[in-house]
Amino acid sequence: MDVEEVQFWISRSEAKIQDRSLDPHVLKTNLNEIQSEITGISEQLDSLLANGKIISEKTECSQEKELVLSTTTNLTDQLGQLKQLIQDKKNAANDAIDAWQRFLQLLAAVKSWCGEKEVFLTEPFTFTNLSTAKLKLQDYTAALKSIKTASKNIAEMEKELKKIGL
């Protein structure tokens, strides 16, 4: 019975980890939950290994010995791979969460820039003398230069968005 329980737990855990529809925060929660269950599963596997050793020592049937050995080896390998997958996915989830935070910061900067330029563009474009015209020209020149920063922020947002996709 222990073999089926361990196999089922490993399969279920892999499915939870590989679900690409989850956002990084939910994935991280799932990973922590699975990681907290590993100790119990490892103890179950240790019990299986001990029982398998006893069976192998007591049985005369070489097929049974091979089956016990291959089953326990397979389960040990699967659990090891799952532990590595958990670590890899945890790192990826943390990276995605960091990228998401950076994306939101850049988005706020772009929205702020858009708001400032909207206000700037709604101001009347009138001037009565050369000095007022020069000041308006400086304002427009500064506004045009600020486009580079906004474009850079949007390009950075694109990079961060690519990092978010687990």
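This is a guided tour of a predicted model, going helix by helix and naming what to select at each stop.

**Stop 1: helices α1 and α2**

Start by selecting α1, residues 2–18, and then α2, residues 24–58. The axes of α1 and α2 come within 10 Å and cross at roughly 160°. An angle over 145 degrees counts as roughly antiparallel, and α1 is therefore roughly antiparallel to α2. The crossing of these two helices, α1 and α2, is left-handed.

To see the contact itself, show side chains on both helices. On the α1 side, select D2, V3, E5, V6, W9, R12, S13, K16 and I17. They meet a set of α2 residues that includes L27, L31, I34, I38, I41 and L48. N30, E33, E37, Q44 and S47 of α2 also belong to this contact. Coloured by class, the contact of α1 with α2 has 10 nonpolar, four polar and six charged residues.

**Stop 2: V6**

Stay in α1 and centre on V6. Is V6 buried or exposed? With a relative accessibility of 0%, V6 counts as buried, because the cut-off for buried is under 20%. Which residues is V6 in contact with, leaving aside its neighbours within four places in sequence? They are I41, Q44, L48 and L75. For a distance to draw in the viewer, pick the C-alpha atoms of V6 and S42: they are separated by 8.9 Å, although the two residues are 36 apart along the chain.

**Stop 3: helices α2 and α3**

Keep α2 on display and add α3, residues 62–122. Here the helices α2 and α3 pack at an angle of about 165°, and their axes are 10 Å apart. So α2 and α3 are roughly antiparallel to each other. Their crossing, that of α2 and α3, is left-handed. The contact of α2 with α3 has, by class, 17 nonpolar, 10 polar and six charged residues.

While α2 is selected, go to G52, which is found in this helix. G52 has a relative accessible area of 7% and is therefore buried. Between the C-alpha atoms of G52 and L69 the separation is 7.2 Å, with their positions 17 residues apart along the chain.

**Stop 4: the largest nonpolar core**

Next, select W9, I17, L79, L82 and I86. These are the residues with the most contacts inside the largest nonpolar core, which has 17 residues. Each of α1, α2 and α3 supplies at least two residues of this core. Which helix gives the largest share of this core? It is α2, with seven residues.

Now centre on L79. Apart from its neighbours within four places in sequence, L79 is in contact with W9, I10, I41, S42 and L45. There is also a second, separate core, of six residues; F103, L106, V110 and M157 are among them.

**Stop 5: helices α3 and α4**

Hide α1 and α2, keep α3, and bring up α4, residues 130–164. How do the axes of α3 and α4 cross, and what is the angle? The axes of α3 and α4 come within 9 Å and cross at roughly 155°. The two helices, α3 and α4, are therefore roughly antiparallel to each other. The crossing of α3 and α4 is left-handed. The residues of the contact of α3 with α4 divide into 18 nonpolar, two polar and six charged.

**Stop 6: two residues of α4**

First select S146, which lies in α4. S146 has a relative accessible area of 15% and so is buried. Not counting residues up to four places away in sequence, S146 touches W113 and K117.

Then move along α4 to L161. Because its relative accessibility is 46%, L161 counts as partly exposed. To finish, draw a distance between the C-alpha atoms of L161 and A96. They are separated by 8.6 Å, and the residues are 65 apart along the chain.

Methods. Residues numbered from 1 in each chain as written. Predicted model: local features only at pLDDT ≥ 70, side-chain atom pairs only at ≥ 80, totals over all residues. Heavy atoms only, no water. Axes fitted to C-alpha atoms, helices over the stretch in contact; angles between N-to-C directions. Helix = DSSP H or I, 4+ residues; strand = E, 2+ residues; numbered from the N terminus. Parallel < 35°, antiparallel > 145°, perpendicular 65-115°, else oblique. Left-handed = near helix turned anticlockwise from the far one by under 90°. Nonpolar A, V, L, I, M, F, W, Y, C, P; charged D, E, K, R; others polar. Core = buried A, V, L, I, M, F, W, Y, C linked by side-chain atoms within 4.5 Å. Buried < 20%, exposed > 50% of the residue type's maximum accessible area, 1.4 Å probe, protein only. Contact = heavy atoms within 4.5 Å.
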